[in-house]
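Hi,

Here is the structure I promised to pass on. Have a look at it first, and then read on for what turned up in it.

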Amino acid sequence: QGALRFVSEVGMDKGAVGQPDSDGVTFGVKVTDGGVETKAQVHNAVAEPVELTLDLTKLAGQEIELELSVDPGPDRKPSFDWARWYGPRVEQDIRTTGDIVVGGAQTWTLALSGAQAAAPTAEGGRYHARAAFPGAVILLSNARPQAATLPLDLAAQSFRVSFVGEGGQVLIKPQYAGAAQAIGQMVGGVTRGGIAAHPPDHGQTIASLLLDLPAQPAQFHAYIGLRDGSKSDGCVFIVEANGVEVLRQRITPGEWREVTADLSPWAGKTTLFSLITDSDGSHFYDWAVWGEPVLRAK
């Protein structure tokens, strides 16, 4: 049995943000078991969701009472407290490894799953590969990874750009979507170079590089933001290594945000590294910028 937890993203309705009669909402979750209470809370006064979690591992197999609550902020101003819970749920972390089998005429030379990278085994017209579950399995044909030397300027590399819809379907040349090296991208009055990206409507733009990472543990570092003049209601910046999410940040127009992600599990391994820009709904004015993205020594 894996770890159990309650988790939800919480935030304010964008129509309530900045109203003088609201100082935000204090979101709470409480579990009662045999008269013993365990609780957690977080305060949020903006539309950008934050995570509220409560560890339930010790309560596995028991009957509990779960209570969600919202209270005014520290100044006790309840007006315009339009609180929003996004995806409240109980999750169990169960991880294992196993085999996948893939048929078809395509020839596969490399299988990537989690921190694993190995050539799949061909047998009877099918390919067998070890995979981490839950998770993604990436099959590559004629893979030619680039040897990465730290620090590695990601914007200066040749990367592959692809697009998917919110249902996971592959999109071909969606309107306005793309990703390319760019200079002079101004966010919050500060100019940086990097990768300018625009997601498809209700979808993602994915810039990917296949790398042989050095044995020295690496870290991803960048500044992310929406270019000045954007009227976007926000988009999401995601970083994945072999399909494993190592960074997720939702951004609205404003200042640059500095972000990092630990890539230690992939040290010395072949890794498909992906910068994903998600429209998080409408792609209206989603002028996303990955500022100065680099892989550097941890």
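A quick word on terms before the first contact: a salt bridge here is a side-chain nitrogen of Lys or Arg within 4 Å of a carboxyl oxygen of Asp or Glu. Also keep in mind that this is a predicted model.

**Charged pairs**

By that criterion, Arg89 and Glu9 form a salt bridge through their side chains, with 3.4 Å from N to O. Arg89 sits in strand S6 (residues 83-93) and Glu9 in strand S1 (residues 3-12), so this pair ties together parts that are 80 residues apart in sequence. How accessible are the two partners? Arg89 has 30% relative accessibility and counts as partly exposed, and Glu9, at 22%, is also classed as partly exposed.

S6 has another link of this kind. Arg84 pairs with Asp13 in a salt bridge, and their closest N and O atoms are 3.2 Å apart. Arg84 belongs to strand S6, while Asp13 is in the loop between S1 and strand S2 (25-33), so here the parts tied together are 71 residues apart in sequence. Arg84 is partly exposed at a relative accessible area of 32%, and Asp13 is partly exposed at 24% relative accessibility.

Further along the chain, Glu245 makes a salt bridge with Arg248, with 2.9 Å between the closest N and O atoms. Glu245 has a relative accessible area of 38%, which puts it in the partly exposed class; Arg248 is in that class with 45% relative accessibility. Back at Arg89 and Glu9, there is a network to look at: salt bridges with shared partners join Arg5, Glu9, Glu51, Arg89 and Glu91. The search of the whole structure gives 14 salt bridges.

**The nonpolar cores**

The largest nonpolar core contains 33 residues, and Leu211, Phe220, Leu263, Phe273, Trp290 and Leu295 have the most contacts inside it. Which strands supply at least two residues each? They are S17 (190-198), S18 (203-212), S19 (218-226), S20 (235-241), S21 (244-251), S22 (257-262), S23 (270-278) and S24 (288-297). S19 gives the most, with five residues.

Phe273 is a good place to centre your view. Leaving aside neighbours within four places in sequence, Phe273 is in contact with Leu154, Ala207, Ser208, Leu209, Leu211, Phe220, Val239, Glu240, Leu263 and Leu295. There is also a second, separate core of 14 residues, which includes Phe6, Met12, Leu52 and Leu54.

**Aromatic rings**

Seven aromatic pairs come out of the search of the whole structure. One of them is Phe220 with Trp290, an edge-to-face pair at 6.3 Å centre to centre and 70 degrees between the planes. Phe220 lies in strand S19 and Trp290 in strand S24, so the pair ties together parts that are 70 residues apart in sequence. Are these two rings buried or exposed? Phe220 is buried, at 0% relative accessibility, and Trp290 is buried as well, with a relative accessible area of 1%.

Trp290 has a further partner in Phe237: this pair is edge-to-face too, with 5.0 Å centre to centre and 70 degrees between the planes. Phe237 in strand S20 and Trp290 in strand S24 are 53 residues apart, so to speak a link between distant parts of the chain. Both residues are buried. Together, Phe220, Phe237, Phe273 and Trp290 form one aromatic cluster.

Away from that cluster's list of members, take a look at Arg192, which lies over the face of Tyr223 at 3.6 Å from the ring centre.

**A buried asparagine**

Last stop: Asn242, in the loop between S20 and S21. Asn242 has 0% relative accessibility and counts as buried. What does its side chain reach? One contact is to the backbone oxygen of Gly114, at 3.0 Å, and another is to the backbone nitrogen of Leu272, at 2.7 Å. Not counting residues up to four places away in sequence, Asn242 touches Leu112, Gly114, Gln116, Ala136, Ile138, Trp266, Thr270, Thr271 and Leu272.

Happy browsing, and shout if anything is unclear.

Cheers

Definitions and conventions
Residues numbered from 1 in each chain as written. Heavy atoms only, no water. Helix = DSSP H or I, 4+ residues; strand = E, 2+ residues; numbered from the N terminus. Buried < 20%, exposed > 50% of the residue type's maximum accessible area, 1.4 Å probe, protein only. Core = buried A, V, L, I, M, F, W, Y, C linked by side-chain atoms within 4.5 Å. Contact = heavy atoms within 4.5 Å. Polar contact = N/O pair within 3.5 Å; in protein donor to acceptor, adjacent residues only side chain to side chain. Phe/Tyr/Trp six-rings, centres within 6.5 Å; stacked < 30°, edge-to-face > 60°. Lys NZ or Arg CZ within 6 Å of the ring centre and 35° of its normal.
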